[in-house]
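Please examine the structure shown below together with its sequence. The explanation that follows begins with a pair of helices, proceeds to the contact between chains, and ends with a strand.

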Amino acid sequence: MTEPDAQPKTDYSEDGVDLTLIRWMLSLTPAERLQVLQRQVNAILAIRRLNAGQ
Amino acid sequence: MPDSDFLAALRALHEGGVEFIVVGGLAAVLNGAPVNTFDLDIVPARDEANVAKLLHVLHTLDGIYRMQPERRLKPGASHLSSPGHHNLITNCGPLDVLGTIGHGLGYEDLLPHTIEMETGGGVRVRVLNLATIVRLKEELAGEKDLAVLPVLRRTLEEKQRGG
């Protein structure tokens with residue numbers, strides 16, 4: 001019987017870069033990568049506007 | 001300041017027949033690097049015909065210099081024909097028109113180091129390849145360049161492994 005992993009699997013490079021995030025981005029098409037960036041930018045700008053007075 | 005709409009800006013340039021290369025953070029993202037950016041950086045061809053097309057597109061996008069936006073300064077043909085940098089704000093967000101990047105590399109120098117990519121809705125653009133982005137950032141070695149280099153290097157390695 002296989003023991004369940006004690007910790008979730010992670011994969012970081014020696015300089016601390018999250019390789020799982022890179023592999024996920026590389027699994028997308030360029031058009032999908034652009035959509036990801038656009039959504040992130042929109043979300044960040046929306047949060048900034050909500051907190052504009054702070 | 002208007003929000004960034006990368007695809008709308010790329011579409012306007014593409015449909016305007018402008019010859020340009022996407023560089024900077026957006027080029028890194030299109031190449032698969034998980035980084036963030038808020039502006040679109042392009043290196044256009046600086047011949048007379050292309051500068052005229054670029055000026056027309058910038059006019060339709062209401063492009064003005066981000067510095068002192070209240071003065072609504074617009075770039076002219078002589079500006080865009082120069083190797084300098086033009087930090088603009090348009091109705092699709094910030095757009096940096098860069099005559100050259102790195103140590104004086106212009107459109108013709110960079111063209112062999114680009115790949116054409118579909119970015120959505122039939123908009124195909126030339127994008128600086130990741131190996132060249134990494135090389136230029138290593139050469140410049142500014143704080144901003146050094147901060148993002150680990151992610152770009154690891155992305156390049158994963159791509160070369162077939163990721």
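**Helix crossing and strand pairing**

The crossing of H1(A) and H7(B) is right-handed. This is a predicted model. Helix H1 comprises residues 19-26 of chain A, and helix H7 comprises residues 143-160 of chain B. Their axes lie 10 Å apart and form an angle of about 55°. Angles from 65 to 115 degrees would count as roughly perpendicular and those under 35 degrees as roughly parallel; H1(A) and H7(B) are therefore oblique to each other.

On the H1(A) side, the residues that meet H7(B) are Leu19(A), Ile22(A), Arg23(A) and Leu26(A). Their counterparts in H7(B) are Arg154(B), Thr155(B), Glu158(B) and Lys159(B). By class, the residues of this helix contact are 3 nonpolar, 1 polar and 4 charged.

The contact between the chains as a whole draws 19 residues from chain A and 22 residues from chain B. On the side of chain A that touches chain B, two or more residues come from each of H1 and helix H2 (30-50). H2(A) supplies the largest share of that side, 10 residues. The side of chain A that touches chain B consists of 12 nonpolar, 4 polar and 3 charged residues.

Within chain B, attention turns to strand S1 (residues 20-23), which is covered on both faces. Phe20(B) and Val22(B) are buried on one side, and Ile21(B) and Val23(B) are buried on the other. S1(B) pairs with strand S2 (residues 40-44) of chain B in the antiparallel sense over 4 bridges, and in this pairing Val23(B) has Asp41(B) as its bridge partner. S1(B) also runs parallel to strand S7 (residues 124-128) of chain B, joined by 2 bridges; here the bridge partner of Ile21(B) is Arg126(B).

Technical notes:
Residues numbered from 1 in each chain as written. Chains lettered and ligands numbered in written order. Predicted model: local features only at pLDDT ≥ 70, side-chain atom pairs only at ≥ 80, totals over all residues. Axes fitted to C-alpha atoms, helices over the stretch in contact; angles between N-to-C directions. Parallel < 35°, antiparallel > 145°, perpendicular 65-115°, else oblique. Left-handed = near helix turned anticlockwise from the far one by under 90°. Contact = placed C-beta atoms within 7 Å. Nonpolar A, V, L, I, M, F, W, Y, C, P; charged D, E, K, R; others polar. Buried ≥ 20, exposed ≤ 12 C-beta atoms within 10 Å, placed from the backbone. Pairing = 2+ DSSP bridges.
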